[in-house]
Amino acid sequence: MKIDNYKPDFLLEAVYQLDAESLRKNGITAVMVDLDNTLIAWNNPDGTPELLSWLEEMRENNIKVIVVSNNKRERVARAVEKFGVDYISRAMKPFALGINNALKRFDEKPSEVVMVGDQLMTDIRAAHRAGVRSILVKPLVESDAWNTKFNRWRERRVWKKMIARDGNPVWRTKLE
């Protein structure tokens, strides 16, 4: 396992800290974002006022938001259609399939997109495979769905190796 395949380009506390100005400065026109524990808490599909405010800022600044999730279509649609957000379901992360499908469907270039997620093993790995920049965020809630717990165990092992090689990561509150 090559550690660099799991190393994010940026570390942020939460997706809501991405602002339109910073995205534009980095040449980003679209944000691909994981659903559970990144955009919304996995156990709270209704979202928060913070989510609504962030989505509004992205819309006002013509930055696309596209959910790229491993969940089935019904689950993703139920979670995001009420917010008017496009999505790719059954993305098969850590493979690049879902990100590549989103790039084609929404006519985006890899250099103008960023993938945001809360898991090294799926979101960040898929971003590397698709050739897009990546942002790792802290999970919105500390508990995980049963199927994520194995990835978290593997993720801890990778973090230890990255820290041993590169030192402790610095979590930002703004994209720089």
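This is a short walk through the structure above, from a central strand to its cores, salt bridges and a few loop residues. Keep in mind along the way that the model is predicted.

Let's start with strand β5, which covers residues 113-117. Five of its five residues are buried. Val113, Met115 and Gly117 point one way from the strand, while Val114 and Val116 point the other way. That pattern has a familiar background: in a regular strand the side chains alternate between the two faces of the sheet. In β5, the residues on both sides are buried.

Now look at the neighbours of β5. Strand β2, residues 30-33, pairs with β5 in the parallel sense, and four bridges hold the pairing. Within it, methionine 32 stands opposite methionine 115. Strand β6, residues 133-137, also runs parallel to β5 and is joined to it by four bridges. Here valine 114 of β5 is found opposite arginine 133 of β6. How is the path from β5 to β6 built? Helix α5, residues 120-130, comes into play, and β5, α5 and β6 make a right-handed β-α-β unit.

From the strands we can move to the nonpolar cores. Which residues touch the most other members of the largest core? Out of its 32 residues, they are Leu18, Val31 and Trp54. Several elements give two or more residues to this core, namely α1, β2, α2, β3, α3, β5 and β6. Tryptophan 54 is a good residue to click on: leaving aside residues up to four places away in sequence, it touches Val15, Tyr16, Leu18, Val31, Leu39 and Val65. Two of the names in that contact list, Leu18 and Val31, also appear with Trp54 among the residues that touch the most other core members. There is also a second, separate core of 17 residues, and Met32, Ala91, Leu103 and Ala127 are among them. Met32 is the methionine that stands opposite methionine 115 in β5.

Next come the charged pairs, with nine salt bridges found in the whole structure. One of them joins lysine 7 and aspartate 166, whose closest N and O atoms are 3.1 Å apart. This pair links distant parts of the chain, since lysine 7 sits in the segment before β1 and aspartate 166 in helix α6, 159 residues apart. Lysine 7 is partly exposed at 33% relative accessible area, and aspartate 166 is partly exposed as well, at 37%.

A more local example lies in helix α1, residues 20-25. There the side chains of lysine 25 and glutamate 21 meet in a salt bridge, 3.2 Å from N to O. The two residues are four apart in the helix, so about one helical turn separates them. Lysine 25 is exposed, with a relative accessible area of 66%, whereas glutamate 21 counts as partly exposed at 46%.

Are the partners buried or exposed in the salt bridge between aspartate 36 and arginine 75? Aspartate 36 counts as buried because its relative accessibility, 19%, is under the 20% limit. Arginine 75 is buried too, at 12%. The closest N and O atoms of this pair are 2.3 Å apart. Aspartate 36 lies in the loop between β2 and α2, and arginine 75 in helix α3, so the salt bridge ties together parts that are 39 residues apart in sequence. Salt bridges that share partners also join Asp4, Lys7, Arg165 and Asp166 into one network.

Finally, a few loop residues deserve a stop. Most residues other than glycine have a negative phi. Asparagine 37, however, has a positive phi of about 70° although it is not a glycine. Asparagine 37 lies in the loop between β2 and α2, and it counts as buried at 1% relative accessibility. Asparagine 62 also has a positive phi, near 55°. The place of asparagine 62 is the loop between α2 and β3, and with 69% relative accessibility it counts as exposed.

Our last stop is valine 141, in the loop between β6 and α6. Valine 141 counts as partly exposed at 23% relative accessibility. From valine 141 to glutamate 108 the C-alpha to C-alpha distance is 31 Å, and the two are 33 residues apart in sequence.

Conventions. Residues numbered from 1 in each chain as written. Predicted model: local features only at pLDDT ≥ 70, side-chain atom pairs only at ≥ 80, totals over all residues. Heavy atoms only, no water. Buried < 20%, exposed > 50% of the residue type's maximum accessible area, 1.4 Å probe, protein only. Pairing = 2+ DSSP bridges. Right-handed = clockwise from strand over helix to strand, strands pointing away. Salt bridge = Lys/Arg side-chain N within 4 Å of Asp/Glu carboxyl O. Core = buried A, V, L, I, M, F, W, Y, C linked by side-chain atoms within 4.5 Å. Contact = heavy atoms within 4.5 Å.
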